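Colleague: Could you take me through one part of this model up close? I'd enjoy a guided look, with a little of the surroundings afterwards.

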Amino acid sequence: MKKRKVLSVVTSAALVAAMLLTGCGNNDGNNGSSANNSNASNSGADNSSENSSANNGSSDNSGTGGASNDNNSDATLLPALSESEQGKPGALTTPRSNYVQYPYADGEGITLTYWMSVPSNIMNHPDTPDSVQMTEWAKRWQELTGITIEFVGPATNKSDEVTQQFNLMTTNQTLPDIIEWEWTSGYAGGPSQAEADGLLIWLDDYITADGPAADLWQYLQDNPCLDTAVKTDDGHYYTFPFTRGNRLLGTTSGPIMRGDLLEAAGYKTTDLVTVEDWTAAMTKMKENNVKYPLSFESVSYMENLLSGTFGVRAAMYVSAEDGKVHFGKAEEGYKNMLAQVVEWMKADLVNPSYGDWTPANTKADIMNGDSAIVYGALGSRMGSWNTAAWAEPDTYGKDFELVGAQFPVEKSGQKVQYSGGSTDYATGSKAHAAISADCKYPEVAAAFLNFCYSQQGHNEINFGQEGVAYNGFEETPYGTACKYSDTIMNADNIAVEMAHHGRANMSGAFIQDPGYILGYYATDQQKAAVSLWAENEVSGTIMPPVTMTPDEAKEYSSLNGDVTTASDEFRGRVLAGYADIDIDAEWETYLNKVKDSVARMVEIQQAALDRYNAR
Amino acid sequence: MKRGEVSAPAMAKSKEAFSVRLQRIGKLILKNMKLIWKNKAVYLMLVPVIVYYILFHYKPMYGIIIAFQDFNPRRGVAGSDWVGFQHFIDFFTGDYFGRLLLNTLRLSFATLIFGFPIPIILALLINELRSKKFSKIVQSITYMPHFVSMVVLCAMIRQFVGANGFITNFMTMFGYEGGSMLTKSQYWIPIYVLSNIWQGAGWGSIVYLAALTGIDSELYDAAKVDGANRWKQTLHVTIPCILPTIIIMLIMRVGQIMGVGYEKTILLYDGAIYDVADIISTYVYRRGLLDRQYSFSTAVGLFNSVVNFILVIIANKISKKTTETSLW
C-alpha cells in the first residue's frame with residue numbers, strides 16, 4: 001500500500017514542523033494553530049468525550065491528560081484528514097500519530113495485570129506453552145512502553161472454556177486491570193451493563209486529544225465510521241478495539257475449487273457465476289467421475305457459502321433493499337437455499353448423507369479428487385492442502401491446484417451482497433481490551449494499550465521487531481506485504497512463529513494490518529482469492545455491532561434459544577429427509593412456530609440498530 | 001381460659017419435664033461420647049467423608065437459590081435480582097416443555113426396561129460358566145467398553161451407523177434405505193439403548209456377580225437333592241438370593257429417570273432428530289452453557305432433581321410394601 005508510505009512521510013514532516021513550531025509560537029498558518037483549532041472543533045462534533053465528561057461532571061479532560069502526561073499539547077496535533085482521506089468501512093487508515101511519549105514516564109514501578117486467553121498459536125510454541133508472558137511481542141511491548149504487565153488468563157482456545165473462565169474471573173473480588181473480551185454480545189446487557197456491574201470503566205477521559213490514549217483518539221478521528229462503532233449508544237468509549245479495518249482481512253473464507261478438475265470438465269472458475277452455472281459444471285464433473293463435486297464441512301459452512309446466493313445471511317442482517325433488520329433463517333431465501341441443496345443431493349452432486357459432512361471427509365475427498373468445490377479458509381484449507389499436495393505430486397497428481405472462486409449468485413446480473421465480509425470493529429472476537437473498575441492506574445493502562453494504535457507501535461505489535469521478525473515491506477500486485485524474516489518463514493510452523501513475534505495473525509486490541517496476510521500466504525492462489533473476495537461490497541449487509549439494553553438482551557436471548565432449536569430442527573429434517581421431504585410444508589410448520597418470536601427479535605435488533613445509526 | 005394460654009401448674013409441669021429430658025439427653029451424649037472416644041479411629045476415618053459431603057454436596061446446594069434469581073456472575077448470588085418462580089413458569093409454558101418431558105421419559109424408560117435386565121442376565125450367564133479362565137476373559141472383554149471415554153465411544157458409534165458404517169451396511173441388507181442412521185428419528189432410541197448396553201452391561205454385572213458369590217452353596221446342594229436342574233436352581237435359588245441387590249439397584253436407577261445422560265445425547269444428536277432426541281438436559285445445556293442463562297438452567301435442573309427425588313421415594317415405598325427390601 002502506497003498510502004502507508006505517503007502517510008509516514010507526511011507524518012514525520014508534520015512532526016518535525018510541529019516540533020520546530022512549538023518553540024516559536026503559533027504564527028504559522030499552514031499546519032499551526034488554525035488548522036488544529038478546526039480539527040478540534042470538527043472532532044468535537046463526533047467526539048463524545050465532551051458530552052460524557054459533562055455527564056460525569058467530575059473530571060476535566062485536560063486535567064486528566066495533563067496530570068498523567070504532559071507530552072501532548074494542542075500544537076502537536078496532526079492536521080485533520082479531509083473527508084476524502086478519512087477511512088471508509090473496509091478501508092481504514094493506518095495510525096499516523098505518535099502523541100504519547102514512550103517509555104511512559106508515569107508507568108515506572110507499576111505492574112498491571114492483563115487478562116486474555118492464550119491463543120492456540122502461542123500455546124503451540126515451545127517457549128510459551130501456557131502464557132503470553134514470554135512471547136517476543138509481549139516483552140517488546142513492555143520494554144518499549146516502560147510498563148510492566150503480568151499476563152493472566154486461561155490457556156485454552158475453546159470458546160466455551162474461555163467463556164467459563166471469564167465468568168469465573170468476573171466473580172473475583174479483585175479484577176485484573178485490563179480485560180480483553182467481546183463486550184457487545186459476550187456480556188449480557190453489553191458494555192453499559194458491564195459498567196453498571198462495576199466491571200469496566202468508561203474511557204471518555206482517556207481517549208482524548210491530550211489524554212494517555214491520544215493516539216487511539218486520533219485514529220478514531222481519522223476513521224469516523226469506526227468511531228461510531230466502538231461507542232455505546234450513549235456515546236461512551238469503553239474499549240480499545242480489535243480492528244480489522246481492511247477488506248483483505250474481511251473475507252478470508254470462501255469458495256475454493258480444484259482448478260484442475262474444473263478445467264478437465266471444460267470450465268474456468270470465472271465461468272461459474274450463477275447457481276445454474278454451478279449445477280452445469282458440477283454435472284459435468286460428475287460425469288468425469290468426481291463423486292460429489294460439492295462438499296460441505298458442516299451445515300454452517302453450507303450456509304456461509306450459499307445463503308448469500310439466495311439473498312439472505314443465516315443470522316440477523318441488514319437488507320440491502322430496505323435497510324431494515326431481517327432474520328435470514330426466517331426469510332424465503334433460506335428455504336430456497338435448502339431447496340437447492342436438496343436438488344443437488346438428489347442428483348448426487350453433494351453427499352446426500354449429511355451426517356457425513358465432516359472436516360475429515362471433506363479434506364479426504366478434495367485431496368483424492370472425489371470432490372472439487374468446498375467452502376473454507378484460505379490459510380488452514382487452501383494453503384495447507386495445496387502445499388501438502390504439491391509436496392507429493394505422485395500421490396495427488398502434478399496438476400493439483402486449489403483456487404479461490406467467486407461466491408455464486410442466484411440469477412445472472414445479481415451482485416454478491418450477502419456473502420462473507422466482516423465489520424471493521426471486529427466484534428465476535430473476544431479481543432477488545434477494557435480497563436477494569438479495579439484498576440488503580442487507569443491512565444497507565446490506557447497509555448499501555450494506546451501504544452498499539454500509535455504509528456510507532458503499529459508495526460511492532462503486528463509483526464514484531466524490524467530486523468528480527470521482518471525486514472521491511474514490499475509491494476505486491478495485491479497490496480503491501482510484510483517481508484517476514486527467515487526466522488519466521490523457515491520455522492516448522494510459520495503461524496506459530498509469527499504469533500511469537502507479533503499479534504497480526506491473532507486477535508487482540510490493535511489494528512490488524514493486511515501486510516501480514518500477504519506476507520504469510522505462501523501461494524499466489526491464496527492472495528488472488530483474498531483480493532477477489534475483497535472486491536465484493538458486502539459489509540453493509542452485516543449487522544453492525546449494536547448493543548441491546550439489559551432487558552432487551554434478556555428477552556432476546558430467551559427467544560433466541562427456542563428459535564435456534566426450531567431452525568436447527570427444520571434444517572436437519574430437510575437435509576436428512578432430502579429424498580422425499582415436502583420442504584414447503586416443513587417451512588410452513590417451522591415459520592408458524594417461530595414467527596412471533598422472530599418478529600420480536602427483529603424488533604429488538606431494529607431498535608438497537610436505530611440507536612446505533614443515531615450515534 | 002383463653003385458648004393458647006397455658007395454666008401455671010401445667011407450665012411448671014412441662015418445665016420440670018423439660019429439665020428431666022435435658023438431663024437424659026446430657027447422659028446420652030456423655031455415654032455416646034465415651035463410645036465415640038472408644039472408637040475414635042473409626043470416627044476419624046469418617047471425618048473426611050463428612051467433610052467431602054459438606055463441601056461438595058451440601059455447600060453447593062446454596063447455589064440453587066439462583067434458580068429464583070436473575071443471576072449475574074459479576075454481581076454474585078448476594079447482588080442478583082430476585083424473580084421468584086419466573087424461570088419455572090417460562091420453562092413449563094415454553095414451546096418445548098411437553099416434547100422435552102416426553103422425550104426424556106421415553107428415552108429413560110427404554111434404557112431402564114431394556115438396559116436394566118441385561119447386566120443381571122450377563123451375571124447369571126457368567127456365573128454358570130465352568131471354566132474359570134474363560135469366565136475371566138468374558139468378564140474382561142465385557143468391561144472394556146466402560147473404560148472407553150464417552151467422546152471416543154460416540155465417535156465410534158457415529159462411524160458404525162454413519163452412511164458407510166458396518167451397522168448401516170448390515171441394515172441395508174434388510175431393506176434399510178441408506179444414509180446415516182443418526183439422522184432418522186425412528187432409529188434414535190435403538191441406537192441409544194443398544195450402545196448403552198454395549199458400554200454398560202459388563203460393568204453393571206459386577207455388582208450382581210459379587211452378590212452371586214455370596215450365595216450359600218448349601219442352598220444349591222439342597223436344591224439338587226430336591227431334583228432341581230440348573231434352570232430350576234437359577235430360578236429358585238440364585239434369583240431370590242440376589243433379589244435384594246436387584247431391587248436396590250432398581251430403586252437407585254429410578255432416581256436417575258429424569259437425568260438420562262446428556263453427554264451421549266449431545267455427542268450423537270442432530271437437528272434432524274430433535275423431535276425424539278432433544279431431552280431436558282440437552283435443552284438445559286444449550287440454554288445454560290451456550291446461551292449463558294444460568295438461572296433458567298438451574299431452575300430446570302432443580303425441577304429434574306425434585307422429580308427424581310419424588311420418584312425414588314415412591315419406588316422405595318412400593319418396594320418396602322411389596323418385597324420388604326428398601327434403601328431406608
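**A close look at one helix**

Modeller: Happy to! Let's settle on α10 of chain B: its buried residues pack against α5 (97-115), α6 (117-128), α7 (132-143), α8 (150-160), α12 (230-254) and α14 (274-277) of chain B. Please keep in mind that this is a predicted model.

Which residues of α10(B) are buried? Going along the helix, they are B:Trp188, B:Tyr192, B:Asn196, B:Ile197, B:Gln199, B:Ala201, B:Gly202, B:Gly204, B:Ser205, B:Tyr208 and B:Ala211. A general point helps in reading such a list: an α-helix has 3.6 residues a turn, so residues three or four places apart point the same way. With that in mind, try following B:Trp188, B:Tyr192 and B:Asn196, which are among the buried residues.

Now for the length of the helix. α10(B) covers residues 185-213, which is 29 residues, and at 1.5 Å a residue it should span 42 Å. Its end C-alpha atoms lie 43 Å apart, so the span agrees with what is expected. There is also a bend to look for: at B:Gly200, α10(B) turns by about 50°. The buried B:Gln199 and B:Ala201 are listed in this helix too.

For the surroundings, let's cross to chain A. Its secondary structure comes to 26 helices and 11 strands, and 53% of its 615 residues are buried. Taking contacts in chain A between residues at least 6 apart in sequence, 77% join residues at least 24 apart.

One piece of chain A worth finding is an open sheet of 4 strands, in the order β2-β1-β3-β9 with mixed pairing. Its edge strands, β2 (148-152) and β9 (432-435) of chain A, each pair on one side only. From one strand to the next, the twist averages 25°. Within this sheet, β1(A) (residues 111-115) and β2(A) pair in the parallel sense over 5 bridges, and A:Thr113 stands opposite A:Glu150 in β2(A). Helix α19 (residues 442-450) of chain A packs on the sheet and touches β1, β2, β3 (178-181) and β9 of chain A. The direction of α19(A) makes about 160° with that of β9(A).

Finally, where the chains meet, 27 residues of chain A are in contact with 27 residues of chain B. On the chain A side, α7 (159-170) and α25 (550-576) each supply at least two residues. α25(A) gives the most, with 13 residues. By type, the chain A side divides into 6 nonpolar, 12 polar and 9 charged residues.

Terms used
Residues numbered from 1 in each chain as written. Chains lettered and ligands numbered in written order. Predicted model: local features only at pLDDT ≥ 70, side-chain atom pairs only at ≥ 80, totals over all residues. Contact = placed C-beta atoms within 7 Å. Nonpolar A, V, L, I, M, F, W, Y, C, P; charged D, E, K, R; others polar. Expected span 1.5 Å × (residues − 1). Bend = angle between axes of the 7 residues up to and from the residue. Buried ≥ 20, exposed ≤ 12 C-beta atoms within 10 Å, placed from the backbone. Pairing = 2+ DSSP bridges. Axes fitted to C-alpha atoms, helices over the stretch in contact; angles between N-to-C directions.
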